[in-house]
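User: Hi! I have just started learning to read protein structures, and I would like to practise on one. Could we go through it together?

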Amino acid sequence: QGRSYWQTDTHWAPMGLLAIAERIAQEAGLPPATIEAVASDLAARLTVKGDFVGDLGRKLSPPRGEPRQVLPPHPGTRVHENGVGHDFTQPVNDGRLILVESPRAVSDRILLIFGDSYLFHGLDILSRFFRRILFTRTRFFHEEMVEAARPHLVVSQMAERYMASAVSDLSAPPFWLIPWLLGRSQKMDLETALAFTRALSSGRVFDPASLRIAVPAPAAEGPVHPPEPGSPS
């Protein structure tokens with residue numbers, strides 16, 4: 001139904017992301033009719049807004065761009081991060097954790113992703129299918145995160161270029177320690193810490209009163225998380 005990859009960037013274009021999201025939803029056992037309805041609605045509302053110069057186009061002189069294709073954002077999602085953002089000055093961006101809560105999703109399924117920027121760009125599309133998404137920027141399969149999140153589906157996704165040097169999962173550090181091992185401490189407010197606690201408590205019901213925590217009032221629905229700097233939307 002359209003170009004899967006950008007011409008000037010190595011990542012999936014919107015239609016490629018939509019195809020990947022459909023496949024993941026299928027693996028999660030969502031009804032085919034439901035998946036088709038969501039995908040068709042999104043594809044019909046694809047628009048072109050301005051120009052886009054991707055990670056390949058920036059390497060050319062002069063830089064080369066292309067029309068920026070945009071899918072409509074999913075309203076009502078709540079996004080929380082551990083404060084480890086994308087940083088072009090760092091050799092690796094491992095340790096980033098993103099929680100997407102989507103009360104308007106078409107299922108109550110929980111999705112856990114071990115991946116990189118490819119599926120990072122697909123979180124908004126996936127939020128239409130999954131009530132909760134936990135995205136971990138890592139090259140490993142972390143058993144402790146599976147136990148903590150209790151997901152219905154786990155997806156391990158890695159760009160081929162990262163496979164040039166592979167390390168066994170037996171050598172994986174605990175995911176929560178990766179930022180500190182890389183010298184990139186986590187930063188989050190109380191609301192974010194509570195959201196991660198509820199999502200990663202292995203099914204237990206966390207009572208903030210047990211730690212004498214004053215629970216803040218629910219915040220207004222925030223915007224969908226913006227893309228990484230310099231990357232396609």
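Analyst: Happy to help; this is a predicted model, and we will take its helices, core, loops and sheet in turn.

User: Let's begin with helix α2. Which residues of α2 are buried, and on how many faces do they lie?

Analyst: A handy rule is that an α-helix has 3.6 residues a turn, so residues three or four places apart point the same way. In α2 the buried residues are I35, V38, A39 and L42, while A33 and A44 on the other side are exposed. Looking down the axis of α2, the buried residues fall within an arc of 95 degrees, so they line one face.

User: What do the buried residues of α2 pack against?

Analyst: Helix α2 covers residues 32–44, and its buried residues include V38 and L42. Their packing partners are two other helices: α1 (14–27) and α4 (123–126).

User: Which element gives the most to the largest nonpolar core?

Analyst: As a background idea, in soluble globular proteins nonpolar side chains tend to be buried together. The largest nonpolar core here has 31 residues, and L111, L126 and F129 touch the most other members. Several elements, including α2, β4 and β5, each supply at least two residues. The one that gives the most, with six residues, is α1.

User: Which residues does F129 touch, if close sequence neighbours are not counted?

Analyst: F129 is among the members of the largest core that touch the most others. Setting aside residues up to four places away in sequence, its list of contacts is A21, A25, L30, I35, V38, A105, V106 and S107.

User: Now for two loop residues. Is S127 buried or exposed?

Analyst: S127 is found in the loop between α4 and β6. Not counting residues up to four places away in sequence, S127 touches H74, T77, V100, S102, A105 and I133. The cut-off for buried is under 20% relative accessible area. S127 has 1% relative accessibility, so it counts as buried.

User: And which residues is R161 in contact with, leaving aside its neighbours within four places?

Analyst: R161 sits in the loop between β7 and α6 (178–181). With a relative accessible area of 45%, R161 is partly exposed. Its contacts beyond those neighbours are T10, H11 and Y118.

User: On to the sheet. Which are its edge strands?

Analyst: This open sheet has five strands in the order β3-β4-β6-β5-β7, with mixed pairing. An edge strand pairs on one side only, and here the edge strands are β3 (78–81) and β7.

User: In which sense do β5 and β7 pair, parallel or antiparallel?

Analyst: Strands of a sheet pair through backbone hydrogen bonds, either parallel or antiparallel. β4 and β6 pair in the antiparallel sense over five bridges, with L99 opposite L134 in β6. Between β5 and β7 there are four bridges, and the partner of L112 in β7 is V154. The sense of the β5 and β7 pairing is parallel.

User: Last one: which side chains of β7 point to one face and are buried?

Analyst: In a regular strand the side chains alternate between the two faces of the sheet. Along β7, V154 and S156 point to one face and are not buried. Pointing to the other face, and buried, are L153 and V155.

Methods
Residues are numbered from 1 along each chain as its sequence is written. This is a predicted model: local features need pLDDT of at least 70, side-chain atom pairs count only at pLDDT 80 or more; totals for chains, interfaces and linings use all residues. Side-chain values use heavy atoms; hydrogens and water are left out. The expected span of a helix is 1.5 Å times one less than its number of residues. Buried means under 20% relative accessible area, exposed over 50%, partly exposed in between (1.4 Å probe, protein chains only). The arc is that of the directions from the helix axis to the C-beta atoms. Contact means heavy atoms within 4.5 Å. A nonpolar core is a set of buried Ala, Val, Leu, Ile, Met, Phe, Trp, Tyr and Cys residues joined through side-chain atoms within 4.5 Å. Two strands pair if DSSP finds at least two bridges between them.
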